[in-house]
Amino acid sequence: MEQLIRQNRSYRRFYQDHFLAVDNLKYFVNLARLSPSARNAQPLKYYISNDEPVNAKIFECLSWAGYLKDWDGPEEGERPSAYIVVTGDHRVGDNFYCDHGIAAQSILLGAVEKGFGGCIIASVDRQKLREHLQLEQQLEILLVVALGKPKESVMLDNIGKDGDIKYWRDDKRIHHVPKRQLDDIVINFS
Ligand SMILES: Cc1cc2nc3c(=O)[nH]c(=O)nc-3n(C[C@H](O)[C@H](O)[C@H](O)COP(=O)(O)O)c2cc1C
C-alpha cells in the first residue's frame with residue numbers, strides 16, 4: 001500500500017498518444033463507486049473521455065501547477081489522454097461532503113496500479129466545461145481527474161527548515177514535492 005501511495009503522485013506530463021480504453025476508465029469509476037460515501041447517498045456521477053477532440057475541450061478549462069509560474073501546463077504531445085470529470089448530482093442531495101476527494105483518490109490509485117497516473121484538478125473553468133460537455137444543470141462539476149501514461153519523474157522531499165511547501169522542478173525537469181514529516185503531523189506522540 002505504501003508503495004502504491006508513494007507512486008501515486010500528481011503527474012502533469014504524459015505520453016499523449018498512449019491510449020486509455022473506455023474499459024479502463026470504467027474500471028477506475030467502479031473503484032470510485034465502491035468507495036465510502038457520506039450517508040451512503042452516492043451522489044457522484046462521472047463523465048469520461050478518451051476522445052481527442054473532447055479531451056482538447058476539457059483541457060482548455062483546466063489550470064495546472066499554480067506554483068510553477070513559468071509553466072502554462074502540458075504542451076501538445078504531453079497532455080492527458082483521458083479525463084474523468086467528477087460531478088455531484090443535486091437531485092440526490094446538496095452536500096457532497098468529501099465524497100469527491102475519496103473518489104478521486106480511488107481513481108488515481110487504480111490508475112497507478114494499472115501503470116497509468118494522473119492529477120486531480122480543482123482549478124476548473126466550470127461554466128465553460130459545463131457548456132463544452134453539455135452537462136445538465138443538476139450536475140455540479142466538483143473535480144476533474146486528468147489521466148494518462150506519465151512522462152515525468154516526481155520526487156518526494158522532506159520539507160526544509162524554511163517550511164516551504166511549494167513544489168518545484170529541477171534542471172532535469174524532475175518535479176519535487178515537499179512533504180511534512182510524520183513527527184510534525186502526529187500531534188500527541190513523537
Ligand atoms: C483537491 C485537490 C485539488 C487540486 N487541484 C489542482 C489543480 O487545479 N491543478 C493542479 O495542477 N494540481 C492540482 N492538485 C494537485 C496538487 O497540487 C498535488 O496533490 C500537490 O502538489 C502534492 O503533490 P502530490 O499529489 O504528488 O503529492 C490538486 C490536488 C487536490 C487534492
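Ala, Val, Leu, Ile, Met, Phe, Trp, Tyr, Cys and Pro count here as nonpolar, Asp, Glu, Lys and Arg as charged, and the others, Gly among them, as polar. Keep that in mind as you look around this predicted model.

**Stop one: the shell around the ligand.** Select the ligand and the 14 residues around it. By the classes above, this shell divides into eight nonpolar, three polar and three charged residues. Now highlight Arg-9, Ser-10, Arg-12, Ala-65 and Lys-179, which come nearest to the ligand.

**Stop two: the polar contacts.** Zoom in on Arg-9: an N or O atom in the side chain of Arg-9 sits 2.7 Å from an oxygen atom of the ligand. Next, pick Ser-63, where a polar backbone atom is 3.0 Å from a nitrogen atom of the ligand. Then move to Ser-123, whose backbone has a polar atom 2.9 Å from a ligand oxygen. How much of the ligand does the protein bury? Taken alone, the ligand exposes 610 Å², and the protein buries 69% of that.

**Stop three: the strands.** Colour β3 (117-121) and β7 (175-179), the elements that give two or more residues to the shell around the ligand. Which of them gives the most? That is β3, with three residues.

**Last stop: the surface.** Leave the ligand and select Leu-182, Ile-185, Val-186 and Phe-189. Together these residues form a nonpolar patch on the surface, with about 430 Å² of accessible area. To place one of them, click on Ile-185, which lies in helix α6 (residues 182-185).

Conventions: Residues numbered from 1 in each chain as written. Predicted model: local features only at pLDDT ≥ 70, side-chain atom pairs only at ≥ 80, totals over all residues. Heavy atoms only, no water. Patch = residues over 30% accessible without salt bridge, like charges linked within 9 Å, V, L, I, M, F, W, Y side chains within 5 Å. Areas by Shrake-Rupley, 256 points an atom, 1.4 Å probe, with all protein chains shown as cover. Salt bridge = Lys/Arg side-chain N within 4 Å of Asp/Glu carboxyl O. Helix = DSSP H or I, 4+ residues; strand = E, 2+ residues; numbered from the N terminus. Near = heavy atom within 4 Å. Polar contact = N/O pair within 3.5 Å; in protein donor to acceptor, adjacent residues only side chain to side chain.
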